Amino acid sequence: MELIIFEFLNATYAIELSKTKVILVYKNTMITPVAIEKPWILGFTNLRGEVTPIVDLRIKFSKIKPEYYEDTVIIVVKTEENKLIGVVIDKIKETKEVDIDDLSITPDMSLGMDPKYIQGLKKDGKDMISILDIDSILNIEELTGD
Amino acid sequence: MSESLKDFFAEEAVEIFESVESKLIAVEERGDFTDEDISSLFRDMHTLKGSSNAVGFKYFSMFVHYLETFMEDIRSSKQVINNKVIEFIIDASDKMQIIFHDEYKDNLDIPQFEVDLEKLQKDIDKLKKIDSSEDVNISEVSNNLIELESIEDSVQDKNIFVGEFVDLMNNINDSLELGNKLDEFDDEFLKELFRFVHTLKGTSLFMELDNFSNYLHSIETLLDMAREKELAYTKEINNYLITAMAESQEIADSEINNDLDNDTYKNKIKELEDNIKKIIVDAKLNKGYELFHDKSDIDDNKDFVLFDDNVIPDKKIELTTKVVKKVKKETTEEAKKEHTIPTEKPSIKRMAASSSIRVGLDKIDFLMNRVGDLVITKSMLFEYSKVLSKQINNRGLVERLEIIDREIRELQEAVMSVRMIPMDSVYQKFPKVIRDLCKKLNKKVNFIYEGENVEIDKLMMEGLMDPLTHIIRNSMDHGFETPEQRIKKRKDPSGTLKISTIQESGHIIISIIDDGAGIDVNKVCQKAIESGAITEVDSLIMDDNEKAMLIFAAGLSTADEVSDISGRGVGMDVVQNNIHSLGGYIKIQTRRNKGTTFKIVLPLTLAILDGLNVEIGSQVFIMPLNMILESIQPTKDMIKRIGDEEKEILMLRDEFIPIIRLHEFFSLEPRYEKMEDAMLIVTQIDMNKVALLVDNFLEKEQIVVKSLDKNYKKINGISAATIRGNGSIGLILDIMNIVDIRMEQSWN
């Protein structure tokens with residue numbers, strides 16, 4: 001399984017590469033905000049004629065106010081609900097082929113987010129990569145609920 | 001009878017008079033009467049008689065009746081045609097018009113009318129007695145020719161038949177499907193089926209689908225025998241007929257497209273006849289067997305070609321033997337020639353086909369999307385021209401852009417209109433559904449509909465069919481009581497189901513109203529608590545209509561027993577999902593023992609609308625232009641308050657209109673502190689006016705509607721999104737939704 005590995009909330013995460021469609025540079029993206037939606041729903045952007053929501057999960061998973069830099073990017077994911085959703089992340093690191101049978105079991109304590117959002121963990125040198133279950137995170141009910 | 005209906009008929013009548021006149025004049029000039037002329041004149045008379053009778057033109061209708069009968073005689077060759085006959089018809093139709101105008105103005109001289117009518121009868125009788133020998137020539141000429149002139153008239157008629165044809169085909173298929181579920185076939189079922197097939201056969205003859213009609217003939221004969229109880233109609237026969245009808249559809253399709261392969265067709269009809277023969281033999285009925293034996297002899301005969309394209313109908317053959325022999329010979333040869341070089345002779349069918357074409361919806365959608373892109377590109381161009389105008393004088397450019405704007409608009413409307421169809425075609429499906437369910441459930445329900453001329457997007461209609469059918473089935477099953485129950489409740493034993501469609505303030509509103517038992521909201525609530533959809537605490541704060549909305553929760557059914565009509569708890573959640581995916585929403589109002597109203601609110605189109613950009617705080621939203629009644633900058637004394645300082649009412653002329661601050665709704669900071677500096681937009685929803693507070697108006701813009709559901713979900717107060725000239729996303733205000741939400745908030 002090929003993964004796209006990125007930095008996010010001061011840790012290393014990954015999404016299945018096959019689920020990502022486009023990568024946008026945050027500062028070049030025009031986002032129309034919708035204030036009445038959940039704070040992590042930044043708004044909508046025009047992705048080749050498609051009205052695409054942009055979410056900043058850093059707001060959902062952390063209390064620290066997120067910062068946007070030159071290299072802040074948006075990974076646009078096609079979810080299993082067949083929706084295109086853009087996810088803001090801090091920095092893309094690399095893509096990497098990973099053996100899916102080789103994943104470590106996720107402990108169900110001491111996690112900063114609901115274990116159902118984590119597909120598995122992987123040791124990478126000194127680092128730990130958390131592979132996100134992006135479909136479950138971006139499930140519309142899940143994403144827009146409390 | 002209402003005057004408007006009379007006027008409506010008068011318009012129709014004048015059109016028919018004109019068409020009759022032009023036909024008769026053409027006939028007189030040519031000196032011959034073709035089959036086409038006769039059929040078309042007969043139909044005109046028939047329509048005139050029927051409609052006039054229905055709207056109360058008593059005398060006129062009587063007069064036309066005689067003419068119609070006379071035309072029928074000509075049509076069935078009981079009356080020969082000569083110059084005198086043509087002259088007579090022309091005179092009579094003049095008289096007919098005079099009578100019509102007099103009766104329309106209510107000054108018909110009745111004694112004079114009786115004289116006219118008597119004269120008409122006498123003239124007809126006289127013509128009937130004239131010997132036919134001198135007229136053979138005219139008849140002969142007319143038999144040989146399919147006149148080009150008559151083609152144009154008939155093209156129009158043929159298009160009318162296509163609709164009828166499709167309807168009948170659907171009716172038959174529906175009946176057969178229904179038959180599959182029946183345990184026994186009653187007389188009514190067989191009679192109805194026979195009638196459908198019989199009518200379809202007739203219609204197909206008008207459309208000159210001779211092969212298809214031949215094919216149907218065998219099916220018709222079988223049904224006729226079943227109807228007359230000469231054989232027992234069984235499930236097996238029913239099943240076979242389903243296959244046979246599918247087969248016949250193919251024949252009709254290829255015949256319409258002029259690519260029917262004669263050998264394939266012969267095989268198919270042979271197969272059908274063999275099968276039907278077998279069915280009849282199995283039913284051990286010799287009478288039927290002989291009937292089909294004769295028929296297949298005809299097929300084996302080379303004269304089979306007589307039943308093929310462009311050959312005169314056999315009724316003409318009865319005219320005089322001499323003529324018939326000659327004609328038969330000629331036409332047979334001609335027909336053979338036809339098959340080798342089919343393109344040489346003008347065929348009515350081909351001309352009919354070329355006046356309308358069937359296009360896949362995907363192609364229209366593609367066209368629609370391209371036009372949408374064009375609109376967006378145009379907006380970008382406009383935007384850019386504004387940037388330019390700051391640098392150079394570009395008056396010329398702006399003028400040209402305006403031309404492009406107008407042309408794109410027209411193009412857009414044209415493409416849109418291709419997709420629009422009247423609600424009538426939605427309603428058509430329901431009388432049968434309701435009738436069938438009434439029988440099955442032993443209920444009596446009258447079906448009324450309104451707004452059949454309101455046009456809706458074809459795509460929307462498709463998405464609407466299932467929800468509407470579901471709601472109707474549900475009303476029939478759970479809503480309406482049996483006649484006995486209704487009598488006990490002192491209600492009319494037959495219930496009334498009404499569907500109405502109106503177009504109001506940028507929405508299509510479809511109401512399905514029944515006067516049945518209403519929804520048992522407590523039962524629904526109980527089930528919802530059991531299934532975990534809501535908690536008991538939730539249920540305490542819900543009103544009846546909110547509780548009724550719970551029927552849309554997935555997997556909920558109040559039916560204690562599952563029937564095949566409804567009650568599996570799937571369906572109502574699908575109803576809501578389907579309507580949401582069309583960008584609309586559904587509301588329920590229910591009152592115990594009074595009935596239930598489902599109200600479906602849909603956007604006018606799925607595609608393009610005119611919007612006004614409005615500034616709310618730091619953001620720009622789009623308000624559908626057709627929602628705006630008026631806009632004003634209020635003065636201080638126009639703003640009134642009752643109680644709470646935060647709630648305002650606009651005093652506009654003699655009206656008091658509630659104000660909604662859109663900033664508040666969208667959690668945005670208002671630009672102006674005082675309402676007098678801002679702007680109010682007055683809009684109307686369900687007869688109630690509401691004023692919306694915005695900071696500023698900007699320019700009008702034509703926008704392409706893009707659904708938010710596709711990649712996200714419905715947002716409160718926002719109906720959809722669009723792409724702006726600068727490439728960013730614009731949000732379209734959902735005024736109705738905003739008002740609904742505010743209303744709920746203020747009541748709680």
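Start by selecting residues 285–353 of chain B: this is a predicted model, and pLDDT stays under 50 over that whole stretch. The model has 80 contacts there beyond four places in sequence, but hold off on reading them closely. Where pLDDT is low, the predicted coordinates should not be read in detail.

Next, select residues 131–157 of chain B, another stretch where pLDDT stays under 50. Here the model has 46 contacts beyond four places in sequence. Now pick out helix 6 of chain B, residues 136–144, where confidence in the chain is lowest, at a mean of 41. Where does chain B score highest? That's strand 18 of chain B, at 92. Over the full chain B, the average pLDDT is 76, and 81% of the residues score at least 70.

**Where the chains meet**

Keep strand 18 of chain B selected, since the next stop involves it as well. Colour the two chains differently and look at where they touch: 19 residues of chain B are in contact with 19 residues of chain A. On the chain B side, two elements give two or more residues each, strand 17 (718–723) and strand 18 (729–733). Strand 18 of chain B gives the most, with three residues. Colour that side by class and you'll find nine nonpolar, seven polar and three charged residues. For the complex, the predictor gives an ipTM of 0.90 and a pTM of 0.47.

**Over to chain A**

Hide chain B for a moment. Chain A has three helices and 10 strands, and from the N terminus on they run β-β-β-β-β-α-β-β-β-β-β-α-α. Of its 146 residues, 34% are buried. Among contacts in chain A with a separation of 6 or more, 53% are between residues 24 or more positions apart.

Now find the open sheet of five strands in chain A, with the order 3-6-7-5-4 and mixed pairing. Its edges are strand 3 (20–25) and strand 4 (41–47), each pairing on one side only. Neighbouring strands of this sheet are turned by 30 degrees against each other on average, direction ignored.

Zoom in on the strand 4 edge. Strand 4 of chain A pairs with strand 5 (residues 50–55) of chain A in the antiparallel sense, over six bridges. Which residue in strand 5 is the bridge partner of Thr45(A)? Click on Thr52(A) and you have it.

Then jump to strand 9 (residues 118–124) and strand 10 (residues 127–132) of chain A, an antiparallel pair joined by six bridges. These two strands form a hairpin with two residues between them, and Gly125(A) in the turn has a positive phi of about 60 degrees. For a bridge to look at, try Gly120(A) and its partner in strand 10, Ile131(A).

**Into the cores**

Leave Ile131(A) showing and add Ala14(A). Leaving aside neighbours within four places in sequence, Ala14(A) is in contact with Leu3(A), Ile4(A), Ile5(A), Ile129(A), Ile131(A) and Leu132(A).

Bring chain B back to see the setting. Ala14(A) is one of the residues with the most contacts inside the largest nonpolar core, which has 120 residues; Ile75(A), Val87(A), Met623(B), Leu692(B) and Leu693(B) are the others. Helix 19 (residues 458–479) of chain B gives the most to this core, with six residues. For a last stop, select Leu216(B), Ile237(B), Ile256(B) and Ile280(B): they are among the 32 residues of another core, which lies apart from the largest one.

Methods. Residues numbered from 1 in each chain as written. Chains lettered and ligands numbered in written order. Predicted model: local features only at pLDDT ≥ 70, side-chain atom pairs only at ≥ 80, totals over all residues. Contact = placed C-beta atoms within 7 Å. Helix = DSSP H or I, 4+ residues; strand = E, 2+ residues; numbered from the N terminus. Nonpolar A, V, L, I, M, F, W, Y, C, P; charged D, E, K, R; others polar. Pairing = 2+ DSSP bridges. pLDDT = per-residue confidence, 0-100. Core = buried A, V, L, I, M, F, W, Y, C linked by C-beta atoms within 7 Å. Buried ≥ 20, exposed ≤ 12 C-beta atoms within 10 Å, placed from the backbone. Axes fitted to C-alpha atoms, helices over the stretch in contact; angles between N-to-C directions.
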